[in-house]
Amino acid sequence: MKNGKNEELVYLEILDARGVLFGEKRKEKLYTYTMGYEGEREFLEWSQRYLHSNWRIENDFWFLDGKAMQADFILMSAYIWNLIEVKNYYGHFTYKDGLCWHNNKLIDDDIFDVMKQRINRIGKIAVAVDHRIEVRPVFVFINQHGQLHMHQKPPFEVLQRNQLVEFLEGLGYVEPMTANLSNRITQQLDRNRIAYGINYTRLDPTVLTQMRKGIYCANCKSFEVNINKPGIQCRQCGTKESIESVICRHAKELSIIVHNLPEMLNSKNLNFLMANQLSLRTTRKYLSKNFEKEGKSRKTYYKIK
Ligand SMILES: [Zn+2]
């Protein structure tokens with residue numbers, strides 16, 4: 001989220017766009033991650049708008065506690081950390097007899113149990129910065145088509161979308177953090193941070209041959225694009241993009257598809273992926289300009305990251 005979408009979501013989007021997203025589980029995952037991403041993006045926008053600027057916004061913090069865990073947001077002041085979990089559930093969320101249901105389906109990882117574990121670990125991190133810091137867990141159900149049915153009092157504070165502005169504004173003015181405190185927080189978070197924490201299963205890179213080939217629109221994923229000298233334009237949504245940007249974007253895509261075979265990151269394979277809609281010369285020109293070359297003459301490939 002901090003740097004855009006997580007890698008697994010990007011990967012699933014590629015498979016989907018190119019017609020090789022097989023299996024119900026993968027489709028479900030793409031939906032869940034997309035909703036999660038959209039929800040967090042929206043919460044971030046609202047926070048930037050309604051939260052006093054002296055609050056520090058920490059977002060998408062991954063840490064270890066037996067397994068990889070994530071905190072969506074921590075809104076920090078000198079003495080209070082609001083630990084925010086954003087849920088973007090479309091439809092009905094029900095809490096009854098200590099169980100959580102989404103559209104009448106039991107939620108596998110009980111969201112309130114996960115919060116208990118999350119707050120325990122974040123609490124320790126906070127105390128190591130300053131023992132006076134209080135960590136307050138808050139759930140935000142952000143989906144505008146979401147409905148909550150709480151048959152009992154939830155173990156944590158729960159906000160609905162229409163309470164969000166009031167909540168953020170209500171956090172109010174806080175004293176600006178001293179540089180010293182701010183540095184200590186950064187150090188403590190860095191010490192506990194892990195890289196995006198999920199090892200996901202990728203398909204064999206030969207999936208490249210089964211994929212739909214061609215250049216597609218960055219915005220709406222349509223393959224209906226006009227390709228001209230300065231750039232492409234989508235016939236569906238009108239989005240324009242320079243040729244250089246198109247090549248870089250598809251090169252990154254190729255690097256995710258052939259993840260464990262870096263020598264496949266060459267101009268030929270990239271043109272294969274783009275259905276040869278650009279000349280090899282053009283592809284090479286922008287690959288050389290943007291990425292580092294590896295290998296000798298005929299076996300040149302690029303370090304794309
Ligand atoms: Zn488009």
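Strands β10 (residues 225-227) and β11 pair in the antiparallel sense, with three bridges between them. This is a predicted model, and a good way into it is the small group of strands around β11. From there we can step out to the helix beside the sheet and then to the two domains.

**The sheet as a whole**

- The strands make an open sheet of three, in the order β10-β11-β12, and their pairing is antiparallel.
- β10 and β12 are the edge strands; each has a single partner strand, so one side of each has no neighbour in the sheet.
- On average, and with direction ignored, neighbouring strands of this sheet are turned by 20° against each other.

**From β10 to β11**

- These two strands form a hairpin, and three residues lie between β10 and β11.
- One bridge to look for links I227 with its partner I232 in β11.

**From β11 to β12**

- On its other pairing, β11 is joined to strand β12 (residues 240-242) by three bridges, and the two run antiparallel.
- I232 appears again here, standing opposite E241 in β12.
- G231 has its bridge partner in β12 as well, namely S242.
- The hairpin of β11 and β12 has five residues between the strands, and G238 takes a positive phi near 85° in it.

**The two faces of β11**

- Where do the side chains of a regular strand go? They alternate between the two faces of the sheet.
- β11 (residues 231-234) shows this alternation: I232 and C234 point to one face and are buried.
- G231 and Q233 point to the other face and are not buried.
- I232 therefore brings several threads together: this residue is buried, is the bridge partner of I227 and stands opposite E241.

**The helix beside the sheet**

- Which strands does helix α7 touch as it packs on the sheet? Helix α7 (residues 243-257) touches β11 and β12.
- The direction of helix α7 makes about 85° with that of β12.

**The wider setting: two domains**

- The chain is divided into domain 1, covering 7-192, and domain 2, covering 207-303.
- Taken over C-alpha atoms, the centres of domain 1 and domain 2 are separated by 35 Å.
- The domains do meet: seven residues of domain 1 are in contact with nine residues of domain 2.
- On the side of domain 1 that touches domain 2, five residues are nonpolar, one is polar and one is charged.

Terms used:
Residues numbered from 1 in each chain as written. Predicted model: local features only at pLDDT ≥ 70, side-chain atom pairs only at ≥ 80, totals over all residues. Buried ≥ 20, exposed ≤ 12 C-beta atoms within 10 Å, placed from the backbone. Helix = DSSP H or I, 4+ residues; strand = E, 2+ residues; numbered from the N terminus. Pairing = 2+ DSSP bridges. Domains from an automatic or database assignment. Contact = placed C-beta atoms within 7 Å. Nonpolar A, V, L, I, M, F, W, Y, C, P; charged D, E, K, R; others polar. Axes fitted to C-alpha atoms, helices over the stretch in contact; angles between N-to-C directions.
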